[in-house]
Amino acid sequence: MLKGRVAVVTGSTSGIGLAIARALAEQGADVVLNGFGDSAAIESIRRDIADAFGVRVEWDGADVSRPEEAAGLIRTAQDGFGSCDILVNNAGIQHTAPIEEFPAERWDAIIALNLSQAFHTVRAAIPTMYKNGWGRIVNVASIHGRVASINKAAYVSAKHGLVGLTKVVALEAAGRGVTCNAICPGWVLTPLIQKQVEIRAAEKKLTADEAMVDLLAEKQPSKQFVTPEQIGGLAAFLCSPAADQITGQELGIDGGWSAQ
Ligand code: NAD
């Protein structure tokens with residue numbers, strides 16, 4: 001389905017981004033991986049995807065919270081692979097604290113990565129998508145792009161902003177073969193959430209398993225985690241011909257969280 005397309009997935013050395021990269025590679029796309037981590041582990045991920053799906057896979061360690069590195073990541077794909085047809089803005093971080101205790105530098109870091117990243121990558125990638133008459137932009141937002149929770153001022157603000165940016169880009173690109181959508185997951189058990197489980201376990205004096213159940217029960221009616229693979233499947237669907245007319249949407253994948 002995606003043979004001959006080039007996908008750039010930010011934050012794809014772990015968690016949701018890695019599953020999206022795998023799902024796109026499974027459909028035949030060449031992939032530029034991005035993110036931090038141990039270089040031997042990243043090389044093993046790179047080789048594993050290339051071997052499993054017979055596609056070209058490269059890694060670029062750009063810090064996409066920095067405007068020039070975010071734009072540089074797109075240039076890497078265009079120069080190295082000849083294109084950036086699919087752009088997935090996934091890299092994100094979290095910090096939780098009541099607003100009066102929220103460190104200003106954490107606010108700045110979260111806005112830079114979880115929101116401004118997408119402005120800089122889309123700005124760099126979309127002219128070539130227009131020229132080619134085809135492009136797919138998938139922004140990994142969150143249920144927190146649709147509703148709020150306490151202690152997440154920066155994250156909720158950034159993700160709401162990302163949903164807004166998604167709609168603007170969708171309107172500007174409408175009719176030009178380029179779609180832009182946001183995926184809004186509920187709880188997914190990745191390193192990002194593991195940290196919140198640990199904080200909850202410590203605060204409420206629970207075991208790790210009890211803290212997970214407690215976390216799910218509070219917000220996610222299915223009481224089951226969304227899996228990274230399910231999000232990969234949704235991202236691949238958004239790149240399929242069936243999704244040609246799906247644009248400007250905030251697609252929930254949240255076990256019913258947003259239905260309440
Ligand atoms: P994760 O911590 O497992 O992965 C984050 C990835 O981003 C890693 O590859 C990391 O190396 C990379 N990264 C971090 N800072 C970076 C930077 N400055 N430049 C480039 N790469 C960077 O997190 P995850 O849970 O897989 O989250 C991925 C996305 O999904 C995030 O945007 C997050 O907000 C969103 N999300 C996660 C959940 C969840 O429950 N896990 C729910 C909703 C939305």
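These legends describe close-up views of the ligand site in a predicted model.

**View 1. The ligand in its pocket.** The ligand takes up the space of the largest pocket. Three elements each give two or more residues to the shell around the ligand: α1 (15–26), α5 (153–173) and α6 (191–204). The largest share comes from α6, with three residues.

**View 2. Residues around the ligand.** The ligand has 30 residues around it. Those that come nearest are Thr13, Asn90, Tyr155, Val188 and Thr190. By class, the shell holds 15 nonpolar, 13 polar and two charged residues.

**View 3. Polar contacts to the ligand.** Backbone and side-chain atoms both appear here. At Ile16, a backbone N or O atom lies 2.8 Å from an oxygen atom of the ligand. At Val188, a polar backbone atom is 2.7 Å from a ligand oxygen atom. Asp63 uses its side chain: a polar atom there lies 2.8 Å from a nitrogen atom of the ligand. On its own, the ligand has 830 Å² of accessible area, and the protein covers 92% of this.

**View 4. The ligand and the two domains.** Domain 1 spans 6–187 + 227–259, and domain 2 spans 189–225. Both domains give residues to the shell around the ligand, so the ligand lies between them.

Notes:
Residues numbered from 1 in each chain as written. Predicted model: local features only at pLDDT ≥ 70, side-chain atom pairs only at ≥ 80, totals over all residues. Heavy atoms only, no water. Near = heavy atom within 4 Å. Polar contact = N/O pair within 3.5 Å; in protein donor to acceptor, adjacent residues only side chain to side chain. Areas by Shrake-Rupley, 256 points an atom, 1.4 Å probe, with all protein chains shown as cover. 1 Å grid on protein atoms, 1.4 Å probe; cavity = no way out; pocket = protein on both sides within 12 Å on 5 of 7 lines; lining within 4 Å. Sits in = over half its atoms within 2 Å of the grid points. Helix = DSSP H or I, 4+ residues; strand = E, 2+ residues; numbered from the N terminus. Nonpolar A, V, L, I, M, F, W, Y, C, P; charged D, E, K, R; others polar. Domains from an automatic or database assignment.
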